[in-house]
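Hi there,

I am passing a structure on to you, along with some notes on its ligand site. Have a look at it first, and then read on below.

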Amino acid sequence: MIPDRIQFYIGGAWTAPVSPARLSVENPATEQAIALIALGMDADIDAAVASARAAFPDWAATRPAERRAVLERVLEVTRARQADLARTITAEMGAPATMAFEEQAAVGVSHLEGFLAAFDEIPWQERLPNGTVIRREPIGVCGLITPWNWPINQIALKVLPAIATGCTCVLKPSELTPLSAMLYMEILDEAGVPAGVVNLVNGSGPVAGAALSRHPDVDMMSFTGSTRGGTAVSRDAAATVKRVTLELGGKSPNLVFADCGADLKARVAASAAECFLNSGQSCDAPTRMLVERSVYDTACEIAARVADETIVGDPTVEGDRMGPLVSAAQWSRVQGYIDGARTEGARLIAGGPGRPEGVNRGHFARPTVFADVTPDHTIWREEVFGPVLAITPFADEAEAVRLANDTDYGLAAYLQTGDPARAARVAAALRAGMVHVNGTPQSPGSPFGGYSMSGTGREGGLFGLEEYLEIKALHMPAGWN
Ligand code: TXE
């Protein structure tokens with residue numbers, strides 16, 4: 001019997017859905033159904049929004065210190081449930097066990113630490129030099145739509161700042177990864193987040209997601225997912241003039257300069273491994289490796305070796321390995337890009353189509369590397385969202401920057417160099433929301449988000465909290481406040 005998880009979390013209670021529609025949740029490694037969920041419709045979204053609206057006045061009126069205390073309890077409970085979160089993420093989207101615990105579930109803790117560190121920096125009320133008083137107020141009821149690739153990461157980046165700023169919200173997680181989202185509701189409930197402050201409705205994007213985006217009683221939409229989904233949310237939200245923040249895809253360049261010297265091998269190997277992390281299903285993955293011509297052949301060899309040596313298999317086994325892609329649809333999509341790249345003339349130097357040898361079940365793909373990829377190739381332009389690395393040579397710094405910026409996206413960019421002056425110069429010239437030099441990772445509390453088609457807005461830390469605040473200018477007689 002498949003466990004039945006059809007209830008929604010509304011008004012602080014697990015509530016029967018109005019909608020009769022159901023979906024089974026699949027384990028992508030075994031292709032077995034692991035739970036049955038309900039797919040919410042307009043009436044379910046209406047109930048959740050009404051609950052968030054009813055909770056808003058009291059929650060908005062709480063003192064920052066009260067909300068901080070609630071978040072500190074959320075931190076404690078999240079830490080205690082980190083292993084449960086990791087197991088659930090592995091089961092529903094295939095992240096390998098060690099990585100699921102140390103990264104996928106751990107960011108639920110680190111993002112919250114980042115928000116708590118920034119929380120005390122918010123100037124809830126301040127006076128401008130011209131005498132005007134500025135108040136920062138919660139924007140209201142927020143609709144939050146999240147994807148399946150880093151399920152708790154995205155939920156934490158949206159739900160936590162909503163709670164912190166005094167907003168209330170309705171979360172519609174990905175229909176592929178509803179179970180970790182439901183577990184997160186249990187965490188918030190146990191931590192004492194008041195009824196109605198956070199509500200959850202499962203459902204599909206075009207039905208439940210669209211109903212939320214259109215809802216007249218929702219003040220803001222925060223969406224992470226495909227460009228197609230993001231533009232649909234923007235269109236649906238336009239009629240009611242909601243604030244919309246979007247975190248969409250990427251095709252992030254990774255510029256490898258010959259001046260890495262003795263570090264070249266380590267830098268290229270780490271870059272390739274990062275491209276394959278999470279089976280390549282990360283919006284900020286370094287998927288376009290641009291390499292200075294004098295070290296191009298060496299870099300291609302190193303990247304191909306990393307692909308060949310990556311263990312692909314059962315994600316419940318501890319250690320460094322790659323799990324499956326999230327779904328049959330995603331597997332087919334990735335195969336389409338691999339076939340297309342070969343037809344278009346890119347040079348396959350590792351991996352390729354199909355499942356890894358000896359694997360005959362699950363949505364497993366092969367870590368794949370293409371060399372000699374040019375701007376005319378589809379995998380140069382489009383997000384594959386699978387373990388596929390594209391490598392291209394460049395002649396000099398100017399060409400490297402031009403090639404890096406030749407993209408509709410602008411999420412992350414990566415830079416491998418031994419020259420600090422070059423790092424500063426190139427980082428300034430790159431059109432991307434985040435630049436990582438020599439593998440330096442994102443710190444908790446830093447803003448995450450991109451330029452152009454990668455979206456609008458920033459998530460995490462102080463910048464992420466500000467997205468949920470309205471500014472009120474208070475013009476008062478001198479001496480009053
Ligand atoms: O995403 P969808 P899909 C990219 C990546 C991937 C591609 C397709 O390139 O290969 O998108 O993935 C909700 N109104 N990213 O199709 O559908 C949906 O229910 C409102 C990048 O699985 O965008 C889910 O909750 N909501 C990305 C969420 O959007 C809608 C992460 C994401 O699913 C909607 C995921 C609609 N009309 C995919 N349509 C990233 N930025 O990290 C869908 N949704």
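In these notes, a residue counts as near the ligand if one of its heavy atoms lies within 4 Å of it. Please keep in mind that this is a predicted model.

With that cut-off, 28 residues surround the ligand. The closest are Thr-146, Trp-148, Glu-175, Ser-226 and Glu-383. By residue class, the shell around the ligand splits into 11 nonpolar, 11 polar and six charged residues.

Where does the shell come from? Domain 1 (4-248 + 454-474) and domain 2 (253-450) each contribute at least three residues to it. Among the secondary structure elements, α7 (205-214), β10 (220-224), α8 (227-238) and α11 (328-344) each provide at least two residues of the shell. The largest share belongs to α8, with four residues.

You may want the polar contacts too. Glu-175, one of the closest residues, has a polar side-chain atom 2.7 Å from an oxygen atom of the ligand. An N or O atom in the side chain of Asn-149 is 3.2 Å from a ligand oxygen atom. At Gly-225 the partner is in the backbone: a polar atom there lies 3.4 Å from a nitrogen atom of the ligand. On its own, the ligand has 810 Å² of accessible area, and the protein covers 90% of that.

And which pocket holds the ligand? The ligand sits in the second largest one.

Happy to hear your thoughts once you have had a look.

Best wishes

How values were computed: Residues numbered from 1 in each chain as written. Predicted model: local features only at pLDDT ≥ 70, side-chain atom pairs only at ≥ 80, totals over all residues. Heavy atoms only, no water. Polar contact = N/O pair within 3.5 Å; in protein donor to acceptor, adjacent residues only side chain to side chain. Areas by Shrake-Rupley, 256 points an atom, 1.4 Å probe, with all protein chains shown as cover. 1 Å grid on protein atoms, 1.4 Å probe; cavity = no way out; pocket = protein on both sides within 12 Å on 5 of 7 lines; lining within 4 Å. Sits in = over half its atoms within 2 Å of the grid points. Nonpolar A, V, L, I, M, F, W, Y, C, P; charged D, E, K, R; others polar. Domains from an automatic or database assignment.
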